[in-house]
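Here are some notes for reading this entry. Please keep the structure open while going through the points.

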Amino acid sequence: MKNFYSIRTLLLALFVVSLGFFTSCGDDDENALAGGQVQLLSFGPTGAKHGEEIRFIGHNLDQVESVEMQGATVAKAQFIEQTSTLIRLTVPEEAMAGKVTLKLSTGDNIVSKTDLSFEVPITVTDVTAEARPGGTITITGTKLTWVDSVGFGNEIVKQFISQSATKIELQVPANAKTGNLIIYGGGENPTFLETEEELVITLPEVTSIAPASIRHNEVLTITGTNLDLVGQVNFPGGGQVTTFESQSATSITLKVPTTATNGAPTLIAKGSLVEVKPTQTVSIILPVISNITTVRHTQNTTITGTDLDKIKEITFPGDFTVAKANFVSQSATQIVVAVPAMAKPGALKFKTMHDFTVTSATNNFNVLLPSVSSYAPELVAPNGTLTINGTNLDLIQDITFGGMTTKVSAFLNKTATRLQVTVPTAAQTGMPKFTLASGYVVEGPKLTVIMPTVSSITPAPVSPRAYMTINGANLNLVKSVKFTGGAEVTTFLTQSESQIILLVPTGAQTGKLTLTTQTNVVVVPDVEAEIVGVTPLPAIAYALFADERHANWGDWSFGGTRVWDATDVARMGTKSAKMTYISTGQYGAIRFHATTPISTAAYSEFTFSVYGGSGTNDKNLNVVFNEAYSSPAKVVKVVEGKWTTYTFPISELGDIATVSDFLLQSATDWPGDIYLDHIGFR
């Protein structure tokens, strides 16, 4: 065994002991000594070893019959020397640390006020090799009565079952772990020693686990040795069991936690919390899915497998959960359940009765959905008929075409393999979205919607009655071209997918073209046609008419008929105001009358454009404000077959600081058609 290690040294103690209370060396003390009273002044040396000499110094010590130490008594006959002031004796081997008592011939006792201690060389010759927590171990050696305590790691044992000079028996703490023991000794210079060999603390040992495959909450049996030392069993997956169905030294039965997964359980020893992991493993039996039938939304699918009766709910992709109470049927090998209306293809999740989740990793769920194999034609024009070929197309309730939010639900024809629909005029190239009756949306392949586009117009500028070339793409879809000003062409010199050549009509003006397709879709390209002799007019700040009559100005015309949205010709935009004068003696006029008169303070000019119809050349029009018929502000001439724009400073138009009425009157009651456009102040 290992040698002692000194942990502290006690100083030599001097003691003064008497039968009475010793307070001074006055007359009373001297009288007491003169009267033969025994007095102990000191003893030592403190820390003497057993078998060594120790001395007691005092007065009247010749009256001492014996000296009693803890564990041993030395009689007067065994003193080495005794006088009235000194006693010398040898320390017995049995002596222990503690108070010293002087036994007097009078029968009285004198007890030391301090302890007598020794320097004791403890030795250990043997220690029990292995023990269970709570079991008894034996330590043998010499001077073991001087052992104060025994350390098991952090656990210190001070209470022994038995203790003698050569043997100590004590109980192993519940928290003890395998390791060296520390022996703590007493005496004048307390020592400790560490055992050279470890004390092996017996641990549980597993010999078998049955059954090897088990379901959650079923009873598992663990057999082995020292299993009564187990305080807890931990399963992979986080399940912990501290309450067992039964427990003995050779067997533990317990219920498998509902969170347990495959693997070896870990046994935790009581007290020490030492982990014991056996080589035996446990396999958790869970529901296994072997097949899932493919059906449509809301139809019943059949799930086959094993242990399916342990399933309490199914979650379909898209997070749609169906509880056990809503299953159509359920057995250990089959579940029949209706597919939720919005379920997606993917893996099903099953929750067992014990809230353990299983995912169908290898047998993913599929639902019958529309599938598009082709479009006919591959390139489709707006308002054209599109044929969609594929499977399960009868499930489609409506279609959302690219570039649109409005759904198309009116079909020309619909079967499981073919669907025909008119492409909306606003449709654009993109992925059509098919919505099922269940609300589920399936995206189809890209559909290309073709529209006429214009890349250039030549020559620029071009004269009326000359040929103009429109270049672009999908121009074979165009059935008419309308120019700014209203002139329209429906007959082309040549037309192809990339080009249209046409004769520029009289009345065509510079501006954007309006293309109308064979399916009556209107397209207005950004490229403008530049027409010789006809230039765009400056903008007007307040328009009485610009493509339409201003809402503040009512139609108070007389002596003819009006068309306020004529498209025959237009100076700007696409519409003009047409007046047909009738020679009836009324001196007809196209008349604008304001609901609320306007101030002209913010304007400097008044302008309008007039186009003469057949037979109107050189006819006069009176320009009249605020019903001043007898004094027209101006008289202008009509030019047949041509737009003429008149612009006058407000200062030349008389007193029109406020205007409530404006008209253009046939000056000589002549009949005929005129067109007006771009009327207003600026």
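How many bridges join strand β6 to β7, and do the two run parallel or antiparallel?

1. The model is predicted, and the points below should be read as describing that model. Strand β6 covers residues 64-70. It is joined to β7 by 4 bridges, and the two strands run antiparallel. One residue pair can be looked up directly: E68 has T73, in β7, as its bridge partner.

2. These strands belong to an open sheet of 4 strands. Reading across the sheet, the order is β7-β6-β10-β11, and the pairing is antiparallel. The edges are formed by β7, residues 72-75, and β11, residues 109-111. Each of these edge strands pairs on one side only. From one strand to the next, the twist averages 20°.

3. The second site to examine is S557. Where does S557 lie? It sits in the loop between β59 (553-555) and β60 (560-566).

4. Is S557 buried or exposed? Its relative accessible area is 13%. Buried means under 20%, so S557 counts as buried.

5. Two links made by the side chain of S557 deserve a look. One is a polar contact of 2.7 Å with the side chain of D555. The other goes to the backbone: the side chain of S557 reaches the nitrogen of R591 at 2.9 Å.

6. Which residues does S557 contact, once its neighbours within four places in sequence are left aside? They are R562, W564, A589, I590 and R591. R591 thus appears in this list and also supplies the backbone nitrogen reached by the S557 side chain.

How values were computed:
Residues are numbered from 1 along each chain as its sequence is written. This is a predicted model: local features need pLDDT of at least 70, side-chain atom pairs count only at pLDDT 80 or more; totals for chains, interfaces and linings use all residues. Side-chain values use heavy atoms; hydrogens and water are left out. Two strands pair if DSSP finds at least two bridges between them. Axes are lines fitted to C-alpha atoms, for helices over the stretch in contact, and angles run from 0 to 180 degrees between N-to-C directions. Buried means under 20% relative accessible area, exposed over 50%, partly exposed in between (1.4 Å probe, protein chains only). A polar contact is a pair of N or O atoms within 3.5 Å; within protein, one must be able to donate a hydrogen and the other to accept it, and residues adjacent in sequence count only if both atoms are side-chain atoms. Contact means heavy atoms within 4.5 Å.
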